[in-house]
Amino acid sequence: MRSVTDLPHPVKEEEHVWIPVSDGIRLSAHVWRPVSSDDDPVPAVLEYIPYRKRDLSSVRDSIHHPYMAGHGYACVRVDIRGTGESEGVLLDEYLETEQRDAEHVLAWLAEQPWCDGRLGMMGISWGAFSALQVAARRPPGLQAIVIASFTDDRYADDMHYMGGCMLSDNLAEAGTMFAYATCPPDPALVGDRWREMWLERLEGSGPWVAEWLRHQQRDDYWRHASVCEDYPAVECAVLASSGWADGYSNAVSRVLEHLDAPRKGLIGPWSHKFPHLGEPGPAIGYLQEVVRWWDHWLKDVDNGAMDGPMLRTYMQDSVPPSTSYEERPGRWVSEAEWPSPKIERISTSLAPHRIAGPDEEVPESVLSVQSPLSVGQFAGKWASYNAPPDLPYDQREEDGGSLVFDSDELTERLEILGAPTVELDVAVNEPVAMIAARLSDVAPDGRATRVSYGLLNLTHRSGLDAPEPLEPGRRYRVQVQLNGVAQAFPPGHRVRLSLSTSYWPLAWPPPRPVRLSVYTGHSSLSLPVRPVDGADHDGGRPFGEPEGAPPITTTLKQPPEQRWTVSRDLVNYHSALEIVKDNGVTHYDDINLDAGKRAFERYSSVADDFSSVRGESTWTMTFGRDEWQTRTVTSTELTSDEHEFRLHATLDAYEGAQRVFSRNWSLAFPRELC
């Protein structure tokens, strides 16, 4: 990335500004704005997240916000209540209180003498959720948002549940927020109240996964803040982006299709990263696109920001399977509108162990599979961060426990853009069952690279809000939608569909092993086929080189560790996936602060004992300066049997060597057809 030091406007910075909200709580803000805004007010752009602006997100913030401020904007980074230096306690994600606070922050910004009253919001992940959710509330002055890696549907398309199946990232995200919500504020900013604020957080916090286990189907808890419930509520302009390697690969196309507001979409090959920090690459000059968006919608600059295609996306070429890529080969393509009239949905029948040819008549036959728990160990993570390497590996071992359907060898290039679907006639032998459907690109040497996948808890076959048990032996017609993707299959390769009845540990398995019967001839694969045109051009302006402001300086005091290990003990048949995400210890030079963050996740099982599955998440967070030294250790364990989920969690906090807080939780939740 190119660091830009010569910006149009000199920037002034206020590191800690209190913003009051309605109940007397004060939120802490970091403000960057043009020096000239003292006399010439400018639009304000808010990023509103719980990830600690003072330290843990400060390097990234220093690249983004001074860059935009240098282009004529007041950029304001606010820690959500109960995080960083903001007062209060963070109890859960996307609460009504959180959104009301955001409205108060926006109103406060509009009243500042350096703000002209025109407002934007931006962010990735939580920040994008916040921006989209607040936009649907239509606060005065909010005229545009820029969002990356987000969803409009909190139940169907977030890291909690997928197709009614509970994801292991449900536990992982709960572990993340258990850690972040229990960290202390920095006494250098809040003074002697830091300990009182910290103890309030420790007393008020808990494992959020408990609340998420109380809502195992789509109900009002998940409908709240799901913008898909009322798309017309969003009236401001929306620039939406995501990556094909990210868990949030589907929402961009949905908001393009359903919003009435001005909108543009961008989907690259990236994981859960901003496009200018894109991994896998190629990264793009995203901040230039963002400034262009703000200029058009917040300053009325006639710069053609709405010209060109509605959607620009990266058509990925075939690659060998790998858990990580530095770059994905491919090309940028565009669609003038979405859904695109250029894309033809082509459906082909499933024959015994193969995908039939076009218009081929396939007689009915029955194929069965009962997948072992080992299917899924090479699935990668639901939301890839590309560190540690967490993309799906070669699918051949997974396919050994699955029903596999291969196409004939392709004679010409095939490109798909959109969400593949599978229509199945099935029967099962248990009242609760799941299907994992995987689409792979199979090379001539047999290596299989997963292209997309989808999950369906069959009790949710009639809707995510109305699960019903299955009648063993009864035949059902179901549809499994896979994640959207842009992918090219070259000549000589094959398209493979794989079906399994477990996908652990990406998804929590059903209560008991399931035998699935699939009726071929009545089942089919549907692909969104985009015509291959040698003269096809993107239709948009070329992207610039990634750039941003120079990052703040830090010193690495303890090296990071990244690890992703699959193990199997063939004596006791114990299998495990262990993930280490250790950032080491970083010294933030400008504030003389040491901060460390280490996460350990473990997902294990024994043989094919479905009651043996266990998920564990342990986080250690450290913050220190001179004599001030703190540490929090949060641990969450989730197990289950046929009837209930069991949760055990611990929280320990230390000041120096002394433990100042400790609490345990042991809870149980009935399995609700999950």
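Here are four short exercises on a predicted model, each with a worked solution.

**Exercise 1: the largest pocket**

Work out how much space lies in the largest pocket, which residues lie nearest its centre, and what kinds of residues line it.

*Solution.*
- Step 1: Start with the volume. About 1600 Å³ of space lies in this pocket. To picture how such space is found, think of rolling a probe the size of a water molecule over the atoms, which shows where empty space is left.
- Step 2: Now look at the lining, which has 47 residues. Nearest the centre you'll find Tyr180, Lys273, Tyr385, Asn583 and Lys597.
- Step 3: Ask which elements give two or more residues to that lining. They are the helices α1 (58-69), α3 (126-135) and α4 (168-180), plus the strands β28 (554-558), β30 (574-588) and β31.
- Step 4: Sort the lining by type. You get 23 nonpolar residues, 12 polar ones and 12 charged ones.

**Exercise 2: a nonpolar patch**

Find the residues that form a nonpolar patch on the surface, then decide whether Val606 is buried, partly exposed or exposed.

*Solution.*
- Step 1: The patch is formed by Leu570, Tyr573 and Val606. Together they have about 320 Å² of accessible area.
- Step 2: Place Val606 in the chain. You'll spot it in strand β31, which covers residues 593-606.
- Step 3: Check its exposure. Val606 has a relative accessible area of 30%. Buried means under 20% and exposed means over 50%, so Val606 counts as partly exposed.

**Exercise 3: two cis peptide bonds**

Say which residues are joined by the cis peptide bond to Pro282 and by the one to Pro505, and where these prolines lie.

*Solution.*
- Step 1: Gly281 and Pro282 are joined by a cis peptide bond, with omega about 10°. Pro282 sits in the loop between β11 (263-268) and α10 (286-299).
- Step 2: Going from Trp504 to Pro505, the peptide bond is cis, and omega is near 10°. Pro505 belongs to the loop between β24 (494-500) and β25 (516-520).

**Exercise 4: positive phi**

Asp300 and Asp626 are not glycines, yet each has a positive phi. Give the phi angles, find the loops, and decide whether each residue is buried or exposed.

*Solution.*
- Step 1: Take Asp300. Its phi is about 60°, and its loop runs between α10 and β12 (311-316).
- Step 2: Asp300 has a relative accessible area of 55%. The cut-off for exposed is over 50%, so Asp300 is exposed.
- Step 3: Turn to Asp626. Here phi is about 50°, and the residue is in the loop between β32 (609-625) and β33 (628-640).
- Step 4: Asp626 reaches 60% relative accessibility, so Asp626 is exposed.

How values were computed
Residues are numbered from 1 along each chain as its sequence is written. This is a predicted model: local features need pLDDT of at least 70, side-chain atom pairs count only at pLDDT 80 or more; totals for chains, interfaces and linings use all residues. Side-chain values use heavy atoms; hydrogens and water are left out. Patches are made of residues with over 30% relative accessible area and no salt bridge: like charges are joined within 9 Å, nonpolar side chains (Val, Leu, Ile, Met, Phe, Trp, Tyr) within 5 Å. Accessible areas come from the Shrake-Rupley method with a 1.4 Å probe; for residues, only the protein chains shown count as cover. A salt bridge is a side-chain nitrogen of Lys or Arg within 4 Å of a carboxyl oxygen of Asp or Glu. Helices (H or I, at least four residues) and strands (E, at least two) are DSSP runs, numbered from the N terminus. Buried means under 20% relative accessible area, exposed over 50%, partly exposed in between (1.4 Å probe, protein chains only). On a 1 Å grid over the protein atoms alone, a cavity is a set of points where a 1.4 Å probe fits but cannot get out, and a pocket is an open set with protein on both sides within 12 Å along at least five of seven lines; lining residues have an atom within 4 Å of a point. Grid points are joined across faces, edges and corners, and a volume is the space filled by probe spheres set on the points. Ala, Val, Leu, Ile, Met, Phe, Trp, Tyr, Cys and Pro count as nonpolar, Asp, Glu, Lys and Arg as charged, and the others, Gly among them, as polar.
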